[in-house]
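Biologist: I'm new to this one and would like a close look at a single part of it. Could you pick out the surroundings of one strand residue and then tell me how that fits with the rest?

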Amino acid sequence: MGKGGRALCIGLPMALSIASLICLVIVGLGGTNKNNDNLNNLYFFRANTTDIDISPSDLNIDIPDTPLTDGIIDKGTDTVKDAVGVRDFYHIHLWNYCAGDFEDGGDEVTMCSPRKNKFWFNPVEVWNLNNTGIDHLFSDELKSGLKAYETATKWMFIAY
């Protein structure tokens with residue numbers, strides 16, 4: 001092997017290692033400043049809650065599914081979302097989450113949670129539903145999915 005091959009065998013892994021280090025820094029910076037649109041757009045997951053819709057059949061109660069009942073339930077859903085403080089969207093980052101509202105055709109981040117190790121987005125805690133008993137109404141599939149998500153995010157934090 002000549003000098004060119006030896007330089008390539010040393011230089012290429014070094015260059016790729018530096019590039020991966022830069023990518024890790026960029027991922028770590030995501031969500032660190034709510035006023036910086038570039039950093040807020042570096043998220044793992046975006047939850048859009050503007051189109052949450054509940055039909056009477058979802059409530060397991062015996063009421064007809066008509067435009068009137070749909071309108072009443074939609075208004076009730078909007079009222080509960082406003083009372084609880086559910087935002088239009090949530091950006092889930094490695095260290096925290098940011099929330100905001102859609103305004104004038106764009107999105108505006110209004111708050112970011114404090115950064116913490118092994119962060120995972122728990123909607124029950126974020127929406128202050130801890131002592132309401134709402135988590136007892138979750139299906140087994142949803143509970144299992146949230147537990148798997150919590151485990152995956154902890155391992156993802158360790159991997160990064």
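**A close look at Phe-45**

Modeller: Let's begin with the outside: the protein has an accessible surface of about 11,000 Å², and carbon and sulfur atoms hold 59% of that. Keep in mind that this is a predicted model. Of the 160 residues in the protein, 26% are buried.

Now for the layout. There are 5 helices and 4 strands in the protein, and if you start at the N terminus, the elements go α-α-β-α-β-β-β-α-α.

The part to zoom in on is Phe-45, which you'll find in strand S1, covering residues 45-48. Put aside residues up to four places away in sequence, and Phe-45 touches Tyr-90, His-91 and Ile-92. Take Ile-92 from that list: along the chain, Phe-45 and Ile-92 are 47 residues apart, yet their C-alpha atoms are separated by 5.1 Å. As for the protein overall, among contacts with a separation of 6 or more, 52% come from residues 24 or more positions apart.

For a second stop, try Thr-153, over in helix H5, which spans residues 140-159. Is Thr-153 buried or exposed? Thr-153 counts as buried, because its relative accessibility is 7%, and the cut-off for buried is under 20%. Leaving out neighbours within four places in sequence, Thr-153 is in contact with Phe-119 and Trp-120.

Notes
Residues are numbered from 1 along each chain as its sequence is written. This is a predicted model: local features need pLDDT of at least 70, side-chain atom pairs count only at pLDDT 80 or more; totals for chains, interfaces and linings use all residues. Side-chain values use heavy atoms; hydrogens and water are left out. Helices (H or I, at least four residues) and strands (E, at least two) are DSSP runs, numbered from the N terminus. Buried means under 20% relative accessible area, exposed over 50%, partly exposed in between (1.4 Å probe, protein chains only). Contact means heavy atoms within 4.5 Å. Accessible areas come from the Shrake-Rupley method with a 1.4 Å probe; for residues, only the protein chains shown count as cover.
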